[in-house]
Amino acid sequence: NTVVPLSVGRARSVKAVEAALATEEKLIACVTIKTPDVNGSDAKPIDLYEIGTIVNIKRMMRGDDVMQLIVQGVD
């Protein structure tokens, strides 16, 4: 239930946020990349942590190249 800020800039991630915002629940899954030299579009399952967090988007603000979110952990 922790509330935290989250920055989203990758095109795939922005699309995921926009899709989540179009739903009543406004939920997204957050999974961290563990390999520092891999970006989101090149990430393979081995590059991702196996455990993530489902978050509820509480607020979204758009910047020039990035979305700023306030999210709350759900599960």
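This section describes the strand sheet, the packing of helix H1, the nonpolar core and selected polar features of a predicted model.

The sheet is open and consists of four strands in the order E1-E4-E3-E2, with antiparallel pairing. Its edges are formed by strand E1 (3–8) and strand E2 (27–30), each of which pairs on one side only. From one strand to the next, the twist averages 45°. Strand E3 (residues 53–62) runs antiparallel to E2, to which four bridges join it; within this pairing, Ile28 stands opposite Val55 in E3. E3 also pairs with E4, again in the antiparallel sense, over seven bridges. These two strands, E3 and E4, form a hairpin with four residues between them, and Ile57 stands opposite Val71 in E4. In a regular strand, side chains alternate between the two faces of the sheet.

Helix H1 (residues 11–21) lies across E1, E2, E3 and strand E4 (67–73), and runs at about 95° to E3. Val14, Val17 and Ala20 are buried in H1. Seen down the helix axis, the buried residues of H1 fall within an arc of 125°, so they line one face of the helix. An α-helix has 3.6 residues a turn, so residues three or four places apart point the same way. The buried residues of H1 pack against E1, E2, E3 and E4. On the other side of H1, by contrast, Ala11, Arg12 and Lys15 are exposed.

The largest nonpolar core comprises ten residues, namely Val8, Val14, Val17, Ala20, Ile28, Val55, Ile57, Met67, Leu69 and Val71. H1, E3 and E4 are the elements that give two or more residues to this core. The core thus includes Ile28 and Val55, which stand opposite each other in the pairing of E2 with E3, as well as Ile57 and Val71, which face each other across E3 and E4. The contacts of Ile57 illustrate the packing. Leaving aside neighbours within four places in sequence, Ile57 is in contact with Val17, Ala20, Leu21, Lys26, Ile28, Leu69, Ile70 and Val71. Among these partners, Val17, Ala20, Ile28, Leu69 and Val71 are themselves members of the core.

Polar features were examined next. A search of the whole structure finds one salt bridge. The side chains of Arg62 and Glu18 meet in this interaction, with an N to O distance of 2.7 Å. Arg62 lies in strand E3 and Glu18 in helix H1, so the pair ties together parts that are 44 residues apart in sequence. With a relative accessible area of 54%, Arg62 is exposed, whereas Glu18 counts as partly exposed at 35% relative accessibility.

The backbone at Lys26 also merits description. Most residues other than glycine have a negative phi. Lys26, although not a glycine, has a positive phi of about 60°. Lys26 is placed in the loop between H1 and E2 and is partly exposed, with a relative accessible area of 28%. Lys26 is also one of the residues in contact with Ile57, a member of the largest nonpolar core.

Terms used
Residues are numbered from 1 along each chain as its sequence is written. This is a predicted model: local features need pLDDT of at least 70, side-chain atom pairs count only at pLDDT 80 or more; totals for chains, interfaces and linings use all residues. Side-chain values use heavy atoms; hydrogens and water are left out. Two strands pair if DSSP finds at least two bridges between them. Axes are lines fitted to C-alpha atoms, for helices over the stretch in contact, and angles run from 0 to 180 degrees between N-to-C directions. Contact means heavy atoms within 4.5 Å. A nonpolar core is a set of buried Ala, Val, Leu, Ile, Met, Phe, Trp, Tyr and Cys residues joined through side-chain atoms within 4.5 Å. Buried means under 20% relative accessible area, exposed over 50%, partly exposed in between (1.4 Å probe, protein chains only). A salt bridge is a side-chain nitrogen of Lys or Arg within 4 Å of a carboxyl oxygen of Asp or Glu. The arc is that of the directions from the helix axis to the C-beta atoms.
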